[in-house]
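Student: I am new to this structure and would like to go through it slowly, one question at a time. Could we start from a single element and widen the view from there?

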Amino acid sequence: MEDNQNVKIDAIRRQLSACGQSHLLSFWDQLGPAERAGLVEQIRELDLDRIPTWVETLVLHAPKTPVGHKDFQPASSYGIAPATDAERRKYEDAVKLGKELIAAGKVAAFVVAGGQGTRLGFDGPKGNYPISPVRNKTLFQIFAETIKAVSRRYRTICPWYIMTSPMNHEATVRIFESNDFYGLDRGNVLIFQQGTLPNFGFDGKILMADKASIARSPDGHGGSIRALARSGALADMKKRGVQYLSYWQVDNPLVKLFDPLFIGLHAIDGAQMSSKAVIKNNPKEKVGNFCLVDGKMTVIEYSDLDDSLAERRNPDGSLVFRLGSIAIHIISTDFIEKLNTKGFSLPLHRAVKKIPHIDSRGNPVEPAEPNGIKLESFIFDALPMAERSIILDIDRAEQFAPTKNATGVDSAESTRVMMVERAAKWLESAGVKVPRKPDGSPDCLLEIAPSFALEPEDLRAKTDRIPPIQPGDRLYLGGT
């Protein structure tokens, strides 16, 4: 048995040596059987054939962006409202089809929830962060209640797929179990982990977390494409007859999870992966930019878009590159299956980070300055691989409130303000008087549960259940 183990480790040594990573076994003689087995498994999970290319193109040298490409144009989109009679009819047909697809169980929810609440000053998975303005419901609870309300409205089952990361998977499972899956059938909620990628020093060597562990990080939200297949989620979708995934990131409580118009336009146009967009507030707003590169839908990060392009304006004063990416997509399941054919990979991106590790003598190192490279993939890099892709503009006040920081821009504070303002507008559209301060902001705290209303129109039939709202009130509208 020992001879066989030696033969195996000798083969692994040769593989590692061939890609310049033989140091991963530097402490082999100091490890016990369980530690050796764990390290071998980690090495086997590495894509050793690609590591030399990653080192050369991503670690030792920063890659060039496609901004300078010859055929680089702004993308077009469907507007928030139809612009012509023909488009109005198309929107009506899309809404009808979208509702039919939801009712037929052809649409599932998919949230990427691998992040921690560190920037929010919160210890735990970001999805467990309490965000609603009156009841302090967590992000997970808001999404669960929305899925339950949609399932009830359409008399169907809307399965929910949740991608975690190694850092928060077990905690996320415990949260769902302790909350009895927020009233959802646990058989219709699948929680699975994304993959990881090794961390590199600036010299191209993979860093070790300890003598028996490779320093690794989650492979980014783009890792969801591969994780859907590896986890069995894609097979589960095929068994259920799911054809479309409604994709969003866990930090956005305003997201419209099942949008008939968006789903219907995607289906009518035969798209494989589609996106929602906001009109940028300013040329350098920190969102990706939707562009066409050689006719293919592409997202260029705000930091990679040259200032001359970012500032370019149309004759009417509007930005040429005006469409901002907000990580809300409809993805066809057959496209996900196609992307998981042999040899598939999304391009990787580098991030210079402070990475704890051990040195060549096995001593722990806690860097005070960035000391290495983390790699990750982005979901929007699948867009150029789609044969057809559409964009739908949305009103950010209705559907986009990223919760990334404790205070300031894109914060829990700003999100709650947006949730209250949206609730106020919904109520006013139904004829309910909402007290407002001299600056126009609501003079009350409002929260509308998904079980009470999924959209403004739902409130018009329930005005008799809405009490008069006085200045300073804290009003929660819940129930069925």
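**A covered helix and its surroundings**

Tutor: In this predicted model, helix α9 is mostly covered, for seven of its nine residues are buried.

Student: Which residues of α9 are buried?

Tutor: A residue counts as buried when its relative accessible area is under 20%. In α9, which covers residues 260-268, the ones that meet this limit are P260, L261, F262, I263, G264, L265 and H266.

Student: Which elements do the buried residues of α9 pack against?

Tutor: The partners include one helix, α4 (85-103), and several strands. Those strands are β2 (107-112), β10 (244-249), β11 (273-279), β14 (323-332) and β19.

Student: Is I263 buried or exposed?

Tutor: I263 has its place in helix α9, and, leaving aside its neighbours within four places in sequence, it is in contact with G98, L101, I102, V107, F258 and I330. Its relative accessible area is 0%, and because buried means under 20%, I263 is buried.

Student: How far from I263 is the C-alpha atom of K205?

Tutor: The two residues are 58 residues apart along the chain. Between their C-alpha atoms the separation is 45 Å.

Student: In which strand is W248 found, and is W248 buried or exposed?

Tutor: W248 is found in strand β10, one of the elements against which the buried residues of α9 pack. Its relative accessible area is 1%, so W248 is buried.

Student: What is the separation between the C-alpha atoms of W248 and V111?

Tutor: W248 touches V111, and among its other partners, not counting residues up to four places away in sequence, are A109, F143, W160 and A327. Although W248 and V111 are 137 residues apart along the chain, their C-alpha atoms are separated by 5.1 Å.

Student: Which residues have the most contacts inside the largest nonpolar core?

Tutor: The largest nonpolar core has 54 residues, and its largest share, eight residues, comes from helix α5 (residues 139-153). In soluble globular proteins, nonpolar side chains tend to be buried together. Inside this core, the residues with the most contacts are W160, F176 and F258.

Student: Which residues is W160 in contact with, leaving aside its neighbours within four places in sequence?

Tutor: The contacts of W160 include F140, F143, A144 and I147, whose numbers fall in the range of α5 (residues 139-153). The others are A109, V111, F176, L184, N188, V189, L190 and W248.

Student: How many residues are in the other core, which lies apart?

Tutor: This second core lies apart from the largest one, and among its residues are I225, A227, F344 and F380. Its number of residues is 35.

Student: Is M385 buried, partly exposed or exposed?

Tutor: M385 is found in the loop between β18 (372-377) and β19 (391-393), and its contacts, apart from neighbours within four places in sequence, are Q272, F335, L339, F344, S345, L346 and P347. Its relative accessible area is 31%, and since the limits are under 20% for buried and over 50% for exposed, M385 is partly exposed.

Student: Which sign does phi of A327 have, and what is its value?

Tutor: A327 is found in strand β14 and, with a relative accessible area of 14%, is buried. Most residues other than glycine have a negative phi, and most peptide bonds are trans. Phi of A327, a residue other than glycine, is nevertheless positive, near 60°.

Student: Where is N136, and what is its phi?

Tutor: The place of N136 is in the loop between β2 and α5, where N136 is partly exposed, with a relative accessible area of 44%. N136 is a residue other than glycine with a positive phi, near 55°.

Student: Why is the chain described as being as compact as a globular protein of its length?

Tutor: The secondary structure of the chain comes to 13 helices and 21 strands. For 480 residues the globule rule gives 23 Å, and the chain is close to that value, so it is as compact as a globular protein of that length, with a radius of gyration of 24 Å.

Student: What percentage of the residues of the chain count as buried?

Tutor: The C-alpha trace spans about 80 × 55 × 45 Å along its principal axes, and the chain exposes about 22600 Å², of which carbon and sulfur atoms supply 49%. Of the 480 residues, the share that count as buried is 50%.

Notes. Residues numbered from 1 in each chain as written. Predicted model: local features only at pLDDT ≥ 70, side-chain atom pairs only at ≥ 80, totals over all residues. Heavy atoms only, no water. Core = buried A, V, L, I, M, F, W, Y, C linked by side-chain atoms within 4.5 Å. Buried < 20%, exposed > 50% of the residue type's maximum accessible area, 1.4 Å probe, protein only. Helix = DSSP H or I, 4+ residues; strand = E, 2+ residues; numbered from the N terminus. Contact = heavy atoms within 4.5 Å. Rg over C-alpha atoms; globule rule 2.2 N^0.38 Å. Areas by Shrake-Rupley, 256 points an atom, 1.4 Å probe, with all protein chains shown as cover.
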